[in-house]
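Biologist: I am new to this structure and would like a close look at a single part of it. Could you take me through one residue and its surroundings, and then place that part within the whole?

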Amino acid sequence: LPVSQYNNPATVESLKEAVVGKRTLVDYEGCTLRIDIRANRLTVVPESYGSLIHWAYEPVKLGRRPNNSLTGTTLVVDVGYETTDTSLFDGAKYQRDQAFTIERAGMGVVVRELQEYLAKDLKGVEVSRTDAAMQRLAGLPVGAEKWIEPIPGKRADVGELYDQAIADLGLKIAQDVATRYAETPARVLLAGGGAYHLERVLRDALGGSVEVVPDADIANAVGAFTSLRLKASQSVH
């Protein structure tokens, strides 16, 4: 769950009650899957936990990634579409009172700025198309030409606007982190699809050890699955 929901015990309990029970799933071809979700086998974790585990463990062989130690504190900055979650871990232990959601601080802010700019000359530009077209800009140097094609055959240079929007968003996130976390963590991990766009800005603003989690856009899901496999392998042995 996003940390804003995970930090609400009533929300977590409500989710568990809704999920626990026997289910029958039938696919398009009529194949049936019967599952029994039991309360003692159900685990609810904050999204940032998955990113931490994916950074620390290789998902296929479940071995520890070289040099990725969980010793000390880790701050996971998870940049989503509408919000950014920041979560502090001591080792692999989630610090509930040190996990926050920064409202109106996701990549949607950048997408909508570009979409409004493009709509002046390109009629019918949809936000979803602008979002998809913008993905190719991630990692390009500041000042470089940044052309996108939100409509087939229609290209636009959004470099100046994109660079400024990314700088503004990164500064907002960095300022929130500096305000909430007085002590510098051992490392800062960037997760979520926005990590690819904000890496340079946040690395400069936050200083210290900052790195992007592998497969940042899907790290939460992959890491959560890896954590289940790790628990299963430990119970077998």
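Modeller: Two residues are said to be in contact when they have heavy atoms within 4.5 Å of each other. This is a predicted model, in which local features need pLDDT of at least 70 and side-chain atom pairs count only at pLDDT 80 or more, while totals for chains, interfaces and linings use all residues. Residues are numbered from 1 along each chain as its sequence is written, and side-chain values use heavy atoms, with hydrogens and water left out.

The part I have chosen is Asn-220, which is placed in helix 8, residues 219-236; helices (H or I, at least four residues) and strands (E, at least two) are DSSP runs, numbered from the N terminus. Leaving aside neighbours within four places in sequence, Asn-220 is in contact with Glu-47, Ser-48, Gly-50, Ser-51 and Asp-78. With two of these residues the side chain of Asn-220 also makes polar contacts, a term for a pair of N or O atoms within 3.5 Å where, within protein, one must be able to donate a hydrogen and the other to accept it, and where residues adjacent in sequence count only if both atoms are side-chain atoms. One such contact, of 2.7 Å, reaches the side chain of Ser-51, and another, of 2.8 Å, reaches the side chain of Asp-78. Asn-220 has a relative accessible area of 18% and therefore counts as buried, where buried means under 20%, exposed over 50% and partly exposed in between, with a 1.4 Å probe and protein chains only.

From there we can turn to the loop between helix 3 (47-56) and strand 3 (73-79), where Leu-62 lies. Asn-67 has its place in the loop between helix 3 and strand 3 as well. Most residues other than glycine have a negative phi. Leu-62, however, has a positive phi near 65 degrees, and Asn-67 has a positive phi near 70 degrees. Leu-62 is buried, at a relative accessible area of 17%, whereas Asn-67 counts as exposed because its relative accessibility is 79%.

As for the whole, the protein comes to 8 helices and 9 strands, and its C-alpha trace spans about 60 × 50 × 35 Å along the principal axes. Of its 237 residues, 39% count as buried. Among contacts between residues at least 6 apart in sequence, 56% join residues at least 24 apart.
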